[in-house]
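Morning, everyone. Please bring up the structure, and I'll walk you through a sheet and a helix pair.

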Amino acid sequence: MFVRYPVLLSTILLLQSPVFGTELNDAVRDDYETHLAKLFDYFHRNPELSLVEFETAKRMASELREAGFEVTENVGGTGVVAIMKNGAGPLVMMRADMDGLPVEEKSGLPNASRKQQQSPISGATVYTMHACGHDVHITSLVGTARQMAARRNQWSGTLMLVVQPAEERVLGAKAMRADRIWERFGTPDYALAFHVASSDLTGTINITEGSPYAGADTVDIIIHGVGAHGAYPHRGKDPIVLGSQIVLALQTLVARELPPREPGVVTVGSFHAGTKHNIISDTAHLQLTVRNTNEETRQLLLNGIKRIAVNMGRAAGLPEDKLPEVIISEESVPPTINDPVLTRRLKNAWVGAMGASTVVDNPVKGMGAEDFPYFSVDPAITSVYWQVGGTPAEDFKREAAGGEPVASHHSPLFKVAPESSVRVGVESTVVALMELMGR
Ligand SMILES: [Zn+2]
Ligand SMILES: [Zn+2]
C-alpha cells in the first residue's frame, strides 16, 4: 500500500475523496486484523478505574512510542501525551479517555472483563468494566497514530495525541491542564475528540453543530431547622417539610422560568434528614445536579435555586441567620460546544471520504456531561466532538420488535461492535486530521 501513496496524495482534494477513503478503509482494516483487534481485546479484558489507569497508560505509551511518537507519561497523573512533529503547520490535538468503571460485566461477550481492582474511592475491591466504551477510544487512538505515522508524507504540522485519565469522574482533563499540558507541549490550534455511542448505528459518524454534551454543576443545599420531639412540632422548625417544599418549588425552574426551547435539568438526586420516627431533625441535606448548554441558562438555574431555597426558608419563618445554605461546587463542567465552521468542514470531509450515508446528525436527547471542554475553553480552542456509532442494526431491530433493549452506557450489559467502532473511530479521526493538516 505504501507504493500507491505518492501517486494518490499529490493534491489536497484527493484527501477528501472516495479514492482516499477507500485506501484508508483498506489500510485500517488490515491494521485491525493484524494489530488493533488484539489490542482492543487486551483493553476490554483489563479495564482500570479513574485515576489508577496504570497498566492502560503504560500500554498506550509503549504503543504510541512504537508508532514513532515522542511520548511523555504521568501528565496530570496517569495521562500520556504523544507528539509527532512533521514540519510547518497547525498543532492539532486528539484526545482519548481511558478509564473504565466499577461495574461487573454481564455482556456475555467472550472477552468480558473479570478484572478486579481496588477502588481509590471506597478502598474496596470491585469488578471493573469498560462500560462506557473508552477501550474503543484508546484502541482507535493507537490506530490513528499508526496511520498518521505511515502517512507522514501526506501531512504537515504537529500532531498531539492525548490519553486522558479519569473522564468518568470529570477530573482527568482538569488535572492535565493543571500539569501545564499546553505550556509544556504547545497550545493546540484545534482540539478533537469522539465518543463511541451505543445509541447510534455502528458504521456511522454522528455529528451535531450544537452541544453534544451539557455543562454540569453540583449543588448542595443545607437546610437548618430546629430540632424537637415529633409530638411537639410547634416547638421546632421541621427541615424535612421545608426540604420537601424546596424540592417541589425547584421543579418550576425548568418548567416555568426557562424558555421552553432551551434545555436545562435540575435533579435532586439525594435528600437526607432525620434519625428516628419521633424526632424532628435539626438539619436536612439535598444534593443536586444541574445541567445547561450555555452560561445564560446556567446562571438562571443557579440563581433560581438560591432564590427559591433562601426564600422558602423565609416563608417557613426561619431567622436570617438560619436560612438554607446553597453551596455550588467549584467542580463545574462547561458545556461541550462544537465550533460551527469546523463542524461543517469536518462533516464535508467525512462525506467526501467516507460517503454521505456514513454521516448522520442525530440530536442528543440527554444532558450527559464531559470534561473535554477543559481542553477547549480558557483559552478558547476551536474544537469538535463527534460520536461513532457502536450498535449493529439487528440490535435496534430486536429492540423495536419488543425484544431485549440496546444496553445503555454504564450498564453491565453494555456492548458495542468492536471492529466497526474502532475502524470508524480511526477513519473519522484520520480524515479529520488530514482535513486540518493534509498537504
Ligand atoms: Zn461514561
Ligand atoms: Zn464515556
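I'll start with conventions, then take the sheet, then the helices.

This is a predicted model: local features need pLDDT of at least 70, side-chain atom pairs count only at pLDDT 80 or more, and totals for chains, interfaces and linings use all residues. Residues are numbered from 1 along each chain as its sequence is written, while chains are lettered from A and ligands numbered from 1 in the order in which they are written.

Sheet first. Eight strands make an open, mixed sheet, ordered β1-β2-β6-β3-β7-β16-β8-β15. Helices (H or I, at least four residues) and strands (E, at least two) are DSSP runs, numbered from the N terminus. Pairing takes at least two DSSP bridges between two strands. At the edges sit β1 (70–75) and β15 (359–360), each paired on one side only. β7 (residues 190–201) runs parallel to β16 (residues 382–391), over nine bridges. There, alanine 193 faces tyrosine 385 of β16.

Now helix α5, residues 134–150. How far apart are its end C-alpha atoms? They are 24 Å apart, which agrees with the 24 Å expected for 17 residues at 1.5 Å a residue; that expectation is 1.5 Å times one less than the number of residues. Of the 17 residues of α5, 15 are buried, so the helix is largely enclosed by the rest of the structure. Buried means 20 or more other C-beta atoms within 10 Å of a residue's own, with C-beta atoms placed from the backbone.

Its partner is α3 (residues 18–45): the two pack at about 145 degrees, axes 9 Å apart. Axes are lines fitted to C-alpha atoms over the stretch in contact, and angles run from 0 to 180 degrees between N-to-C directions. Contact means C-beta atoms, placed from the backbone, within 7 Å. Phe40 and Phe43 of α3 are among the contact residues, as are Ile138 and Val142 of α5.

Terms used:
A residue is buried if 20 or more other C-beta atoms lie within 10 Å of its own, exposed if 12 or fewer, and partly exposed in between; C-beta atoms are placed from the backbone. Two residues are in contact if their C-beta atoms, placed from the backbone, lie within 7 Å.
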